[in-house]
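Student: Please take one part of this model and look at it closely. What does that part touch, and where does it sit?

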Amino acid sequence: MSALFNFQSLLSVILLMICTCAYLRSLFPSIIDRNKKGFLGTFYKLARIGERKSPWVGAACLIMAFTVLFLS
């Protein structure tokens, strides 16, 4: 089943994208920051969410890991 049709998989993909974009922005800020509009602006926005909501994103990752490992 595709990740778009399974809610748990969709949440996993979104959380992984947020964490990946925030990490890549910390390594290469000029690549992420120059694309603030359009399709590539999505990665900039995900990186900003990962930076600003860091404790909440971390908690969501821990909860998601628990549910994937023990409840599915």
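Tutor: Accessible areas come from the Shrake-Rupley method with a 1.4 Å probe, and for residues only the protein chains shown count as cover. By that method, the protein chain has an accessible surface of about 5,600 Å². Carbon and sulfur atoms own 72% of that surface. This is a predicted model, so local features need pLDDT of at least 70 and side-chain atom pairs need 80 or more, while totals for chains, interfaces and linings use all residues. Residues are numbered from 1 along each chain as its sequence is written, and side-chain values use heavy atoms, with hydrogens and water left out.

Let us set the scene. The chain has four helices and zero strands (DSSP runs: H or I of at least four residues for a helix, E of at least two for a strand, numbered from the N terminus). Along the sequence, the pattern reads α-α-α-α. The C-alpha atoms fill a box of roughly 40 × 25 × 15 Å, taken along the principal axes. There are 72 residues, and 19% of them are buried (under 20% relative accessible area; exposed is over 50%, partly exposed in between; 1.4 Å probe, protein chains only). Now look at contacts (heavy atoms within 4.5 Å). Take those with a sequence separation of 6 or more: 56% of them join residues 24 or more positions apart.

Our part is helix H1, which covers residues 7-27. Start with Ser-12, which lies in H1. Is Ser-12 buried or exposed? Ser-12 is buried, because its relative accessible area is 19%. Which residues does Ser-12 meet? Set aside neighbours within four places in sequence, and Ser-12 is in contact with Met-64 and Val-68.

Move along to Leu-15, another residue of H1. Leu-15 is buried too, with a relative accessible area of 12%. Look at what surrounds Leu-15. Beyond residues up to four places away in sequence, Leu-15 touches Val-57, Ala-60, Cys-61 and Met-64. Met-64 appears again here: this residue touches Leu-15 and is also in contact with Ser-12. Leu-15 and Met-64 are 49 residues apart along the chain. Yet 8.8 Å separates their C-alpha atoms.

Ala-60 gives a similar story. Helix H4, residues 54-71, is where Ala-60 lies. In sequence, Ala-60 and Leu-15 are 45 residues apart. In space, their C-alpha atoms are 7.7 Å apart. Ala-60 is partly exposed, because its relative accessible area is 28%, whereas Leu-15 is buried.

Next, turn to another partner of H1. Helix H3 covers residues 41-52. The axes of H1 and H3 come within 7 Å and cross at roughly 90° (lines fitted to C-alpha atoms, for helices over the stretch in contact; angles run from 0 to 180 degrees between N-to-C directions). Which residues of H1 make this contact? They are Met-17, Ile-18, Cys-21, Ala-22 and Arg-25. On the H3 side, the contact is made by Phe-43, Tyr-44, Leu-46, Ala-47, Arg-48, Ile-49, Gly-50 and Glu-51.

Keep your eye on Arg-25. At 16% relative accessibility, Arg-25 counts as buried. Arg-25 also forms salt bridges (a side-chain nitrogen of Lys or Arg within 4 Å of a carboxyl oxygen of Asp or Glu). The whole structure holds three of them. One joins Arg-25 to Asp-33, with the closest N and O atoms 2.7 Å apart. Asp-33 counts as partly exposed, at 23% relative accessibility. Another joins Arg-25 to Glu-51, where the closest N and O atoms are 2.6 Å apart. That pair links distant parts of the chain: Arg-25 sits in H1, Glu-51 in H3, and their positions lie 26 residues apart in the numbering. Glu-51 is partly exposed, because its relative accessibility is 33%.

Glu-51 has a second partner, Arg-48, and their side chains meet at 3.3 Å, N to O. Both Arg-48 and Glu-51 lie in H3, three residues apart, about one turn of the helix. Arg-48 counts as partly exposed, at 24% relative accessibility. What do these shared partners build? They join Arg-25, Asp-33, Arg-48 and Glu-51 into one network.

Now trace H1 once more. Ser-12 meets Met-64 and Val-68. Leu-15 touches Ala-60 of H4, among others. Arg-25 reaches Glu-51 of H3 through a salt bridge.
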